[in-house]
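Q: I'd like to learn how to read a protein model. Could we go through one together, step by step?

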Amino acid sequence: MKWPGPHWYSLMVVSLTCLLLSASVWSGNIGLDIRPGDGVTDQRKLSDYFPPLKDTNLDTDVYILDSGKPGANALLIGGTHGNEIAGSVAALVALENSVVTEGKLIVIPYTNRSAQSVMDTRNHIDARHLIQSRSGERYLTYGDRRTDTADQESADPDEYQNPGGYVLKNGKESRNLNRTYPGKPDGTRTEQLAYAIIALVVKEQVDFSLDMHEANTPETDKQDNGDYKPGGNKRLSYTVVSHPRGLEIAAYALLAMEEDTHISMKLEESNTAYRGLSHLEIGDATSCLSYLSESPNPGQDRSRRNADVVSDAKYPLTHRVGMHLRLFKHLADAYADYNDKTLKIDNLPEYQDLLTGEIGQFLN
């Protein structure tokens, strides 16, 4: 089965835009704008892998780009946190442009769909951002870090002990998907979401995965007086965190990354004492090599007001999206070198091409 390309959507843009503009309340009932490209061979729901998610706001779309030829199977994860827009948009760019000619690519653009349905509580960034796509006006969404309390269907505890036994003092973190891996089939909705992703990895025999995140920008973790601002994540920008089994592949990918993009990224090994994160738990629960990447998002800086999360002069969305996608490409190449299983992707925009224009040029 082949999905229609960009031309199919041009007739729908006006009505879609009117629908979005007419919505006075941002809620989980509003659909997310995803426009599959010609390379998408199948569309599924996460509930296909874990049925209890069906008919909940934690169920989300899963896109398959299958070459029909042997090769590596990979998973690209965007939208774990709703306020980390580059991961979701990188996933959209991948599924709206790519054609896989060897192996199989699985893309989840809005992994925590519920978190996309509520407003950002960190810096109160606008929920919708107008861009000009290849077919006209289109909105990118910006949500919150955690699952909506209404969708969790249980109150936040005072403290949260996650499935791995790690205790987080802030009970709200029970709604943070990237603290709940490997999940529990009978747990909270967010734990069930994590469990469903693990089930997908197992069923699809995923060889490697990349969970795309965003952190503070490097220079704005400090207040105007130069003092460090608590809660800043300066060390996370431009970082790749790797499961212990995947370190050598990640190291080679980062060397290639610096050579062709001049982006220098840090490599960290998963801290096995800190449970619940995708880069550790996916790799521990399955044979998949699991990675997490962090780009610098102005919307994460606590000291900024009215941050431009799309067109910031130093950290535009094109740069951040390009960073994630180029890293993913180099991980695929390094994986092939070590395992003789290739994931070959055509039409995935190059990092330098992304920098030459606006993000909408790469979206249907």
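A: Sure. Let's start with a term we'll need: two residues are in contact when heavy atoms of theirs lie within 4.5 Å. Keep in mind that this is a predicted model.

Q: Okay, let me try that on one residue. Which residues does T239 touch, not counting those up to four places away in sequence?
A: With those close neighbours in sequence left out, T239 touches M265, K266, E268, L292, S293 and E294. You'll find T239 in strand β11, which covers residues 239–242.

Q: Is T239 buried or exposed?
A: The cut-off for buried is under 20% relative accessible area. T239 has 0%, so T239 is buried. Its side chain also reaches the backbone oxygen of L236, at 3.0 Å.

Q: Let's zoom out. How many helices and strands does the protein have?
A: There are nine helices and 14 strands. Of the 364 residues, 60% are buried. You can also ask how far apart in sequence the touching residues are: among contacts with a separation of 6 or more, 75% are between residues 24 or more positions apart.

Q: How do I read a sheet? In what order do the strands come?
A: The general idea: strands of a sheet pair through backbone hydrogen bonds, either parallel or antiparallel. Here, eight strands form an open sheet in the order β1-β2-β5-β3-β10-β13-β11-β12, and the pairing is mixed. Neighbouring strands of this sheet are turned by 20° against each other on average, if you ignore direction.

Q: Why is one side of β1 and of β12 left without a neighbour in the sheet?
A: Because β1 (42–45) and β12 (266–269) stand at the edges, where each has a single partner strand.

Q: Which strands run antiparallel, and which run parallel?
A: For an antiparallel pair, look at β2 (residues 61–66) and β5 (residues 104–108), joined by four bridges. L65 stands opposite L105 of β5 there. For parallel pairs, go to β10: eight bridges join β10 to β13 (residues 289–296), and M212 has S293 in β13 as its bridge partner. On another side of the story, β3 (residues 73–77) also runs parallel to β10, with four bridges, and L76 is partnered with L210.

Q: How many residues of β10 are buried?
A: Eight of the eight residues in β10 (residues 208–215) are buried. To read a strand, check its two faces separately. In β10, F208, L210, M212 and E214 are buried on one side, and S209, D211, H213 and A215 are buried on the other.

Q: What lies on the sheet?
A: Helix α6 (residues 247–261) lies across β11, β12 and β13, running at about 175° to β12. Helix α8 packs on the sheet too, touching β3, β5, β10, β11 and β13, and its direction makes about 155° with that of β10.

Q: And the core? Which residues have the most contacts inside the largest nonpolar core?
A: The idea is to look for buried nonpolar residues joined through their side chains. The largest such core has 60 residues, and F208, V321 and I359 have the most contacts inside it. Helix α8 (residues 317–339) gives the most to this core, with 10 residues. Try F208 in the viewer: leaving out residues up to four places away in sequence, F208 touches A72, L75, Y291, F328 and L331, among others. A second, separate core has 24 residues, including L53, I77, Y181 and A194.

Note on methods
Residues numbered from 1 in each chain as written. Predicted model: local features only at pLDDT ≥ 70, side-chain atom pairs only at ≥ 80, totals over all residues. Heavy atoms only, no water. Core = buried A, V, L, I, M, F, W, Y, C linked by side-chain atoms within 4.5 Å. Buried < 20%, exposed > 50% of the residue type's maximum accessible area, 1.4 Å probe, protein only. Helix = DSSP H or I, 4+ residues; strand = E, 2+ residues; numbered from the N terminus. Polar contact = N/O pair within 3.5 Å; in protein donor to acceptor, adjacent residues only side chain to side chain. Pairing = 2+ DSSP bridges. Axes fitted to C-alpha atoms, helices over the stretch in contact; angles between N-to-C directions.
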